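The following exercises ask you to read a model step by step, from single residues up to sheets and cores. Work through each task with the structure open before you turn to its solution.

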Amino acid sequence: MAGPKFGSFKSDNKGDPAAAASEAAQRRDPYEVLGVGRNATEQEIKSAFRRMALKYHPDKNADDPVASEKFQEATFSYNILSDPDKRRQYDSSGFEAIEADSHELELDLSSLNTVNTMFAALFSKLGVPIKTTVSATVLEEALNGSVEIAPLHLGKSLCRKVDKQSAHFYSVDITDEEAKLGLVCRVRSTAKSKFKLLYFEPEENGGLSLALQEDSAKTGKVTSAGMFFLGFPVYRFEHTNSAAAAKDPDSAFFKRLDGFQPCEVNELKEGTHYFAVYGDNFFKSATYTVEVVCAEPFTAEKEKLRSVEAKILAKRSELSKFESEYREVLAKFTEMTSRYAQEMQTIDELLNERNSIHASYTNSPTLKRSSSGSKGRRTSSKGSKSDDEQSAKKEKKSKSPPMEASVSDEEGPKKEKKPKERLRRKKWFSIHHLKVDKRRPC
């Protein structure tokens, strides 16, 4: 019997925006699919989905493609409305605001074949969050009143082993005084087994309908789950998708407390109440210890729990305000960072341009060309100076008499040598004028 395929509902038109938009337009409203109003509570949504899952589950409609399609549609709608973040996105912007890749499918492991179960177990071992749901067969048997129920006495624990995708049902009788003091149902497994703790409410036909569900969580070397009926609102915390947190850690931080939701049942009345432990391992049975105790010895813990949950609620409202402030400052910071990068690039370009200009002067081929040009300029300047001196001498010669000119021509070279001789003599000290007495020894 083929079950639903392992994975999530994904659009085949992901690369075609027009086709994806038309596909989104053809989808029915999730509220309409489940038959609930837009102000429906989480419990009403869960109850509506379970009714549809029991009616259209593939185990009961193996050869009915219409039922299979309705089951997938109901599961897809439930995945949106059961997630506070996705529900808020859908209410504000419709299907376009929801990423198809983030749709998680709650798997009924009892309906998977061996290969798909192995893949699910492998991904879970690698840290991929795999959500599982209670088997439709177990829910149907409970609704029909055909399950075996064992009595569980208040304050006494039972240690048992439950098969995978099966459940053990228990009944607990409490008095009015015990109900006012509050009750705690707890299950733990030292074998690190995965299980679900379930609470059922009686129906008029004598059957049981699922009202609360708590998945086991690993704490140290044990896995445990608990339900608290203390007479005041108690909250449970559902962890967000780690893959989405990795993509956008900022949004994951601000939405971290969105999974802090109130439990649908806060207190129990006098009478008989029903619990169940569901084996949620992939292949092996789950070993567990179950116990229902009175909350009277935990008076201090009750007050601490109420106080800390009130602080968490206050912090959740503060986060909403802080997010808007953070986004504003982050946008300014991003702008400044972009400008910083631009200024850094501009400065680097200017310095590189300056260095290239300096390199053009120090480059050897350029240096030879510039030196030869300067030499030419120097020789031309010297040549112009010598020409001026010669013209000045010619003018003097023309003004003076011929004899004087001849004398000056003869003495000219001597006069030109005298300055050079004087310069040479200046380098030596003239000591002939010093008088030395030869008679005295030095």
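## Exercise 1: a helix and its cover

Asn144 is exposed, with a relative accessible area of 55%; here buried means under 20% relative accessible area, exposed over 50%, and partly exposed in between, computed with a 1.4 Å probe on protein chains only. The model is a predicted one, in which local features need pLDDT of at least 70 and side-chain atom pairs count only at pLDDT 80 or more, while totals for chains, interfaces and linings use all residues. Residues are numbered from 1 along each chain as its sequence is written, and side-chain values use heavy atoms, with hydrogens and water left out.

Task: locate Asn144, and determine which residues of its helix are buried and what covers them.

Solution. Step 1: Asn144 belongs to helix α7, where helices (H or I, at least four residues) and strands (E, at least two) are DSSP runs numbered from the N terminus. Its C-alpha lies 7.6 Å from that of Gly206, although 62 residues separate Asn144 and Gly206 in sequence.

Step 2: the buried residues of α7 are Ala136, Val138, Leu139 and Ala142. These residues cover an arc of only 160° around the axis, which puts them on the same side of α7; the arc is that of the directions from the helix axis to the C-beta atoms.

Step 3: the cover over the buried residues of α7 includes α3 (42–56), β3, β5, β6 and β11.

## Exercise 2: the sheet with mixed pairing

Task: establish the strand order of the sheet that contains β11, and describe how β11 is paired and enclosed.

Solution. Step 1: the order in this open sheet of 5 strands is β1-β3-β11-β5-β6, with mixed pairing, two strands being paired if DSSP finds at least two bridges between them. The edge strands β1 (149–151) and β6 (208–215) each pair on one side only, and the twist averages 30° from one strand to the next.

Step 2: β11 (residues 271–279) pairs with β5 (residues 195–202) in the antiparallel sense over 6 bridges. In this pair Lys196 stands opposite Tyr278, and Tyr199 stands opposite Phe275.

Step 3: β3 and β11 also run antiparallel, joined by 8 bridges, with Asp173 opposite Thr272.

Step 4: of the 9 residues of β11, 7 are buried, so β11 is largely enclosed by the rest of the structure.

## Exercise 3: the antiparallel sheet

Task: which strands stand at the edges of the sheet with antiparallel pairing, and how does β2 pair with β12?

Solution. Step 1: this open sheet of 5 strands has antiparallel pairing and the order β2-β12-β4-β8-β7. β2 (157–162) and β7 (217–219) stand at its edges, each with a single partner strand, so one side of each is left without a neighbour in the sheet.

Step 2: β2 and β12 (residues 286–294) pair in the antiparallel sense over 6 bridges, and Val162 stands opposite Ala286 of β12.

## Exercise 4: the nonpolar cores

Task: identify the largest nonpolar core and the strand that gives the most to it.

Solution. Step 1: a nonpolar core is a set of buried Ala, Val, Leu, Ile, Met, Phe, Trp, Tyr and Cys residues joined through side-chain atoms within 4.5 Å. The largest has 25 residues, and those with the most contacts inside it are Tyr199, Phe229, Phe275 and Val290.

Step 2: β3, β4 (183–189), β5, β6, β8 (222–229), β11 and β12 each supply at least two residues of this core, and β12 gives the most, with 4 residues.

Step 3: leaving aside neighbours within four places in sequence, the contacts of Phe229 (contact means heavy atoms within 4.5 Å) include Tyr199, Leu212, Val265 and Phe275.

Step 4: a second, separate core of 20 residues includes Tyr31, Phe71, Ala74 and Phe95.

## Exercise 5: confidence

Task: where in the protein chain is the mean pLDDT of an element lowest, and where highest?

Solution. Step 1: pLDDT is the predictor's confidence in each residue, from 0 to 100; the protein chain averages 76, and 67% of the residues score at least 70.

Step 2: among the elements, helix α13 (residues 402–426) has the lowest mean pLDDT, 49, and strand β3 (residues 167–174) the highest, 95. Over residues 402–417 the pLDDT is below 50, and beyond near neighbours in sequence this stretch has 3 contacts in the model.

Step 3: where pLDDT is low, the predicted coordinates should not be read in detail.

Definitions and conventions. Axes fitted to C-alpha atoms, helices over the stretch in contact; angles between N-to-C directions.
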